[in-house]
Amino acid sequence: MAQRDKLDALLPFVPYRYRPDRKPPYIRPWMVPQALWGFNLRAFLAPEDWNRIRKDAYARSGSRCRVCGGRGPQWPVEADEGWAYDDERRIQTLKGVISLCPDCHGVCHWGKTMTEGRQDAALAWMAEVNSWSRSEAARCGDQAMKQWHTRSRHTDWQCDISWAIRTYSVVPIKDGETLAHELNRKFVQQAQSRIGVRAGHVTHIEHLIGGR
């Protein structure tokens with residue numbers, strides 16, 4: 001409870017789902033193009049720098065999800081990197097790091113969730129948090145998949161983490177680019193092995209990790 005004239009000061013601490021100045025979708029799939037799988041702060045920064053950034057995100061939210069205010073059953077929250085995409089110049093730009101509960105995080109990383117066979121639960125959660133019908137949530141997932149296919153046709157994406165450098169005065173490690181490329185190959189192979197090959201029948205999920 002708070003006095004009305006104090007609400008503006010409290011808004012930064014209120015989960016997106018309950019803020020009067022926000023509208024659905026509060027959470028939705030935000031899929032990383034295949035060429036950028038593995039290109040993240042874990043790859044580009046020393047472990048101690050990444051730990052400092054993610055723990056700061058946890059502290060800012062009181063170890064609660066910034067979207068729904070909840071916590072996970074095994075660990076309260078996970079760090080989620082928020083990226084913006086310039087589709088003409090093909091640049092992925094880091095905008096910040098926030099805390100998400102595992103359920104909300106699973107919605108954001110829709111592709112990984114699908115390859116792990118957890119899409120039904122994620123779809124139900126997306127519908128619940130956004131106060132949508134299941135068909136509305138499914139439509140949002142389909143739109144995200146189409147966008148992912150379009151972006152994943154290109155292999156010349158660049159990754160900009162200057163937000164972390166400016167905000168936390170970190171210095172990228174020397175071999176970060178090489179590590180990111182190695183992680184990319186590893187993640188693609190993992191996705192392929194989870195799905196396997198079913199001759200004569202190509203599913204929506206199989207398209208997820210198909211050739212670029």
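This passage describes the pockets, one helix and the salt bridges of a predicted model.

We can start with the open spaces. Rolling a probe the size of a water molecule over the atoms shows where empty space is left. In this structure the largest pocket holds about 840 Å³ of space. Its lining is made up of 35 residues, and those nearest the centre are Gly38, Asn40, His109, Lys112 and Phe187. Strand E1 (78-86), helix H4 (102-108), helix H5 (110-115) and helix H9 (176-195) are the elements that each contribute two or more residues to the lining of this largest pocket. By residue class, the lining of the largest pocket comprises 17 nonpolar, 10 polar and 8 charged residues.

The second largest pocket has a volume of about 530 Å³. It is lined by 21 residues, with Trp30, Asp80, Gly82, Ile98 and Cys108 the closest to its centre. Here the elements giving two or more residues to the lining are E1 and strand E2 (91-100). E2 supplies the largest share of the lining of the second largest pocket, namely 5 residues. The lining of this second pocket divides into 12 nonpolar, 3 polar and 6 charged residues. Strand E1 thus appears among the contributors to the largest pocket and also among those to the second largest pocket.

Helix H6 offers a handy check on geometry. It covers residues 119-130, and because each residue should add 1.5 Å, its 12 residues are expected to span 16 Å; the C-alpha atoms at its ends are 16 Å apart, in agreement. Within H6, the buried residues are Ala122, Leu123, Trp125, Met126, Ala127, Val129 and Asn130. These buried residues of H6 pack against H4, H5 and helix H7 (134-152). Two of those partners, H4 and H5, were met above in the lining of the largest pocket. After H6 comes serine 131, which has a positive phi, near 55 degrees.

Attention now turns to charged pairs. Side chains of opposite charge can pair when their charged atoms come close. Across the whole structure, a search finds 9 salt bridges. One of them joins lysine 112 and glutamate 116, with 2.7 Å from N to O. Lysine 112 counts as partly exposed because its relative accessibility is 47%, and glutamate 116 is likewise partly exposed, at 30%. Salt bridges with shared partners connect Lys112, Glu116 and Arg118 in one network. Lys112 is also one of the residues lying nearest the centre of the largest pocket, and this ties the network to the description of that pocket.

Another salt bridge is formed by aspartate 156 and arginine 90, whose closest N and O atoms are 2.6 Å apart. This pair links distant parts of the chain, 66 residues apart: aspartate 156 sits in the loop between H7 and strand E3 (158-160), and arginine 90 in the loop between E1 and E2. Aspartate 156 is partly exposed, with a relative accessible area of 42%. Arginine 90, at 19%, is buried, so it falls just on the buried side of the cut-off, which is set at under 20%.

Aspartate 21 and arginine 19 form a further salt bridge, their closest N and O atoms lying 2.8 Å apart. Aspartate 21 has a relative accessible area of 45% and is therefore partly exposed, whereas arginine 19 counts as buried at 14% relative accessibility.

Terms used: Residues numbered from 1 in each chain as written. Predicted model: local features only at pLDDT ≥ 70, side-chain atom pairs only at ≥ 80, totals over all residues. Heavy atoms only, no water. 1 Å grid on protein atoms, 1.4 Å probe; cavity = no way out; pocket = protein on both sides within 12 Å on 5 of 7 lines; lining within 4 Å. Points joined across faces, edges and corners; volume = space filled by probe spheres on them. Helix = DSSP H or I, 4+ residues; strand = E, 2+ residues; numbered from the N terminus. Nonpolar A, V, L, I, M, F, W, Y, C, P; charged D, E, K, R; others polar. Expected span 1.5 Å × (residues − 1). Buried < 20%, exposed > 50% of the residue type's maximum accessible area, 1.4 Å probe, protein only. Contact = heavy atoms within 4.5 Å. Salt bridge = Lys/Arg side-chain N within 4 Å of Asp/Glu carboxyl O.
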